[in-house]
Structures are given as C-alpha cells and as structure tokens.
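Work through the exercises below with the sequence and the model open. Try each task before reading its solution.

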Amino acid sequence: MAYQSTNPYDGKILASFDECDGATLEQKIAAADVCFKQVWSRKPFAERADVLSRAAAILRERTDEFARLVTLEMGKLIAQSRAEVELTAAVLDYYAEHGENFLAPEKLPTRSGEALVESSPIGVLFGVEPWNFPYYQVARFAAPNLMAGNVVMVKHASNVPQCALAYERLMQEAGAPSGAYTNLFISKDQVAQVIDDPRVRGVALTGSEAAGAIVAGRAGHNLKKSTMELGGSDAFIVLDDANLDDAVKYAVAGRMRNSGQACTASKRFIVVEAVADAFLTAFTTALGEFKAGDPLDEATKLAPLSSTAALEKLLDQVQRAVDGGALTLMGGGRADHPGAFMQPTVLSGIDRRNPTYNEEFFGPVALFFRVRDEAAAIALANDSPFGLGGSVFTRDIERGKRVASQIETGMVFINRPAMSSPELPFGGIKRSGYGRELSAAGIQEFVNKKLIRVA
Ligand code: NAP
C-alpha cells in the first residue's frame with residue numbers, strides 16, 4: 001500500500017490508503033478548476049479570511065487530537081507536535097489578517113495618466129509536501145495561496161496519510177468549498193500528470209533535492225512557475241566571544257528538535273579554536289542526556305526517526321562518513337531501544353575528500369569543525385552546496401551582523417538556531433531551492449502582478 005501510516009516507535013501499521021485512480025484524479029482536478037473559476041476566486045477577501053480563521057480556531061480547540069496524529073505517524077515528541085499545531089494556527093491567522101493588505105492594488109507614479117498593479121490569483125496550484133512538519137508545511141503553502149484566491153491540491157508524503165486527511169477535513173470543517181483544498185493520494189507518475197495538466201498553474205515542493213529536481217524539471221518543461229523549499233546543511237558558527245552556555249544550549253536545541261529532522265536544523269558546528277574544546281565538552285555532555293522513549297510520554301527527550309528506512313539511511317551515511325575518514329566523537333549507531341531510534345552522534349574530521357562532505361544529515365548527527373578564526377568560519381560555512389539557514393554566536397551583535405552578511409544563505413540567526421514565524425520570510429538559495437514562503441513575500445509567489453494603465 002503506497003500511503004501507509006506506521007508508528008516508528010513500535011512499528012505498528014496504523015492505517016493504509018489506496019492511491020487515487022485516474023478517473024477520481026480527473027474529477028478532483030476538474031472540481032478544483034470549477035471551484036477556482038466560479039466560487040473561490042470571486043469571494044471577497046473577508047470571506048476567505050473567515051475560512052482560514054475558523055481553521056485556526058479549530059486547531060486550537062482540538063490541539064491534542066491533531067498533535068497526537070503527528071506523533072503516532074512520524075514520531076515527533078508530543079510537546080513539539082502541539083507546538084506545530086499552534087504554529088500552523090498562527091500561519092493561518094497571519095494570512096487571514098494581513099492577506100488583503102499584502103495584495104492591495106499598488107499605484108505607480110507615472111509621467112502621465114494612471115498606472116496600477118493589481119495582484120490577481122492564477123488558478124489551481126499543486127503542492128508536494130514532506131512529513132517532517134505535516135501540518136505546518138502544508139499551511140505555509142495553502143494559507144497564503146487560498147487567501148490570494150487560488151485553490152490548492154496537495155500531495156502529502158506517503159507516510160503521513162492520516163495527517164493529510166486531517167488537514168483536508170479541517171479545511172472542509174472551516175467552510176472551504178469543495179475543490180478549494182484537495183488532498184491527493186497519488187503516485188509519482190500521477191504527480192507528473194498533475195503538473196502537466198493545463199488547469200494546474202503553479203507548483204510548490206518542500207522536500208529533498210532529488211524530488212525537487214524532478215518536480216521543478218517537470219514544471220519548467222511545462223513553463224509553470226514553481227517554488228522549491230529543499231534541504232540544508234546549516235552552519236552553526238561559534239565565535240571566540242560567544243556566550244558559551246547559550247551557544248551549547250541552542251546548539252543542542254538546533255540539532256535535536258524534531259530528532260534532527262528539520263531542513264533548518266543546525267547541522268555543521270563550526271567553532272573557533274579558542275573555545276572549541278570547552279564547547280565540545282559541554283555539547284557532548286548535554287547530548288548524552290537524550291534517552292530514547294515513547295514520544296507520547298511528556299518526559300521523553302529522544303524521539304524515534306520518522307521510519308526504519310530513515311534510520312537505515314542515516315546509519316549508512318554515518319558509516320560512509322567514517323569509512324571516508326570521519327572520527328566518531330559520540331554515538332554513531334542505533335540507540336539501545338526498539339523502534340527507529342538513532343543515538344545522538346557527533347562526527348569530526350570530515351574534510352572535502354569525505355563522500356558525505358556535501359550531504360545533509362537528516363537526524364541527530366552533528367558535524368563538528370574546529371577553525372582558526374572568524375574568516376575561516378565564514379569560508380567553511382559557505383563551502384556547501386546548500387544555502388538555507390545558519391547561526392552565528394557572538395556577544396557583539398554588530399560583529400554578528402557583519403558575519404551574517406557574508407554567509408551565502410537565505411536566513412541567518414544571531415545567537416539562536418533557526419526558527420520560523422509567520423511574519424518572517426523563509427527560503428533558501430543554491431541547492432536549498434528558490435522562492436519564499438511565509439511573510440508578505442510568501443503570498444506574492446503565485447499571483448499575477450497585472451499592470452492596469454489608464455492613458
Ligand atoms: P522527499 O523524499 O523529497 O519527500 C518530499 C515529498 O516529495 C513527499 O511528498 C514525497 O512523496 C515527494 N516525492 C519524493 N520523490 C518524488 C518524485 N520523484 N516525484 C514526485 N514527488 C516525489 O523528502 P523527505 O525525505 O520526505 O523530506 C526531507 C527533506 O525535505 C529534507 O531534505 C529536508 O531538508 C527537506 N525539507 C525542506 C524544507 C524547507 O522548507 N526548505 C522543509 C522541510 C523539509 P512520497 O512520500 O510519496 O515519496
């Protein structure tokens with residue numbers, strides 16, 4: 001069964017769902033197209049905003065129910081699942097409140113007559129979404145685009161089908177008309193078919209580089225706009241004047257949240273020589289406190305990875321790193337617990353000859369680098385095919401900003417790991433993708449900036 005929910009904590013299969021057949025897929029695309037043309041794009045902003053606000057309110061009323069599903073399907077610690085539900089509600093509320101303003105017609109100064117730019121919706125959009133934040137990632141795509149008057153179809157990751165259905169039901173309960181938000185349980189071939197369909201006008205993907213290259217390639221072939229939110233290998237730079245207690249605390253949080261399965265998790269710890277030993281000792285000590293347990297238990301610190309396949313992939317990657325010359329400073333294997341658990345792991349000695357040097361480690365595996373000074377830290381941070389987020393730790397905020405300006409990435413956080421908030425733009429450069437989600441920028445990606453000129 002292609003869409004299957006398996007609890008990574010105990011391996012139990014919770015639910016399975018059939019893929020959509022060709023006729024059903026056609027019917028869903030047709031319904032979305034009709035909904036766009038006849039219903040949704042004609043609604044005033046206030047009515048669209050009501051649907052989003054109601055969805056946010058339902059999420060807040062039933063946080064535990066939504067959160068539990070995330071934990072059961074992909075293993076996230078229950079407190080973090082609740083936080084994801086709240087963040088999802090915040091994204092919905094944010095666009096409900098600000099969407100109209102962000103898309104207000106803009107008058108342009110012109111030599112004669114009148115000129116204005118109107119932002120109009122473009123039609124049915126297609127999103128391909130990942131399992132690591134099963135509601136929040138969907139909201140980042142769906143909320144701004146629904147507010148703009150587009151309708152959305154979503155192919156969610158095949159290991160979180162119950163979350164996918166929960167999100168679709170949420171939008172229906174909130175009053176979205178049939179066709180405004182559509183979940184699709186479809187195969188990879190059908191993904192291509194949806195992208196090819198002339199009724200579909202834009203494509204957004206959040207996921208790996210491999211999937212991004214395939215989906216973006218197909219969208220490009222069809223001359224359709226796309227946005228790509230892909231992987232990262234974010235640098236976490238600790239300078240000589242950093243507050244080390246903070247640096248260690250946030251290094252742990254940055255690497256361990258969501259069991260390390262976040263695109264903007266801190267992945268490469270680049271520490272200047274003067275503080276490297278002190279940082280490393282405190283960092284490994286703190287990581288040693290993460291013990292595996294049931295992610296539904298509030299006391300658990302180390303949750304499983306999303307699946308046994310994800311664990312096996314990570315174990316293989318660590319092995320390749322070690323075979324290529326890396327040193328294992330801690331961990332390196334499965335945690336001593338049934339289920340898809342990985343030990344918190346720290347590797348050092350990874351240089352450019354290592355086969356994993358340019359790879360993203362998607363789990364609780366930290367790569368540790370000792371560098372001479374600030375300039376070397378910046379150079380190493382930039383020596384990556386990715387450019388998503390990053391952090392700089394220093395007591396001197398102006399110095400932190402100067403360093404941030406030199407890092408080739410989409411987001412830099414001073415004295416914190418990467419975090420996201422509805423009002424802050426999110427996205428990357430290089431192989432981390434293109435386009436932005438969230439903030440005012442996120443609602444502009446799939447609208448027609450139409451010039452209207454009065455002579
Ligand atoms: P993934 O394997 O690329 O899956 C993401 C989505 O793409 C899933 O819905 C998946 O469907 C689909 N997909 C995979 N291969 C496809 C293909 N050939 N054609 C069409 N669709 C395809 O990524 P993941 O392992 O689930 O997610 C982790 C990755 O996402 C990491 O690299 C992470 O950094 C990145 N990520 C980026 C962001 C960001 O905002 N930049 C946020 C979160 C995650 P199936 O499940 O059916 O394979």
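**Exercise 1.** In which sense do S4 and strand S20 pair, and over how many bridges?

*Solution.* The model is predicted: local features need pLDDT of at least 70, side-chain atom pairs count only at pLDDT 80 or more, and totals for chains, interfaces and linings use all residues. Residues are numbered from 1 along each chain as its sequence is written, and side-chain values use heavy atoms, with hydrogens and water left out.

Step 1. Find the elements: helices (H or I, at least four residues) and strands (E, at least two) are DSSP runs, numbered from the N terminus. S20 covers residues 447-454, and S4 covers residues 114-121.

Step 2. Apply the rule that two strands pair if DSSP finds at least two bridges between them. S4 and S20 have eight bridges, in the antiparallel sense.

Step 3. Check one position: Ser 119 has Lys 449 in S20 as its bridge partner.

**Exercise 2.** Describe how S3 and S4 are joined.

*Solution.* Step 1. Strand S3 (residues 106-107) pairs with S4 over two bridges, in the antiparallel sense.

Step 2. Glu 106 is opposite Val 117 in S4.

Step 3. The two strands form a hairpin with six residues between them. In the turn, Gly 113 has a positive phi of about 65 degrees.

**Exercise 3.** Which residues hold polar contacts to the ligand, and how is the ligand's surroundings made up?

*Solution.* Step 1. A polar contact here is a pair of N or O atoms within 3.5 Å; within protein, one must be able to donate a hydrogen and the other to accept it, and residues adjacent in sequence count only if both atoms are side-chain atoms. An N or O atom in the side chain of Arg 140 is 2.9 Å from a ligand oxygen. A polar side-chain atom of Lys 188 is also 2.9 Å from an oxygen atom of the ligand. Leu 230 uses a backbone N or O atom, 2.7 Å from a ligand nitrogen.

Step 2. Sort the shell by class: 13 residues are nonpolar, eight polar and six charged. (Ala, Val, Leu, Ile, Met, Phe, Trp, Tyr, Cys and Pro count as nonpolar, Asp, Glu, Lys and Arg as charged, and the others, Gly among them, as polar.)

Step 3. Place the ligand. Domain 1 (3-230 + 432-454) and domain 2 (234-422) both give residues to the shell, so the ligand lies between them. These bounds come from an automatic or database domain assignment.
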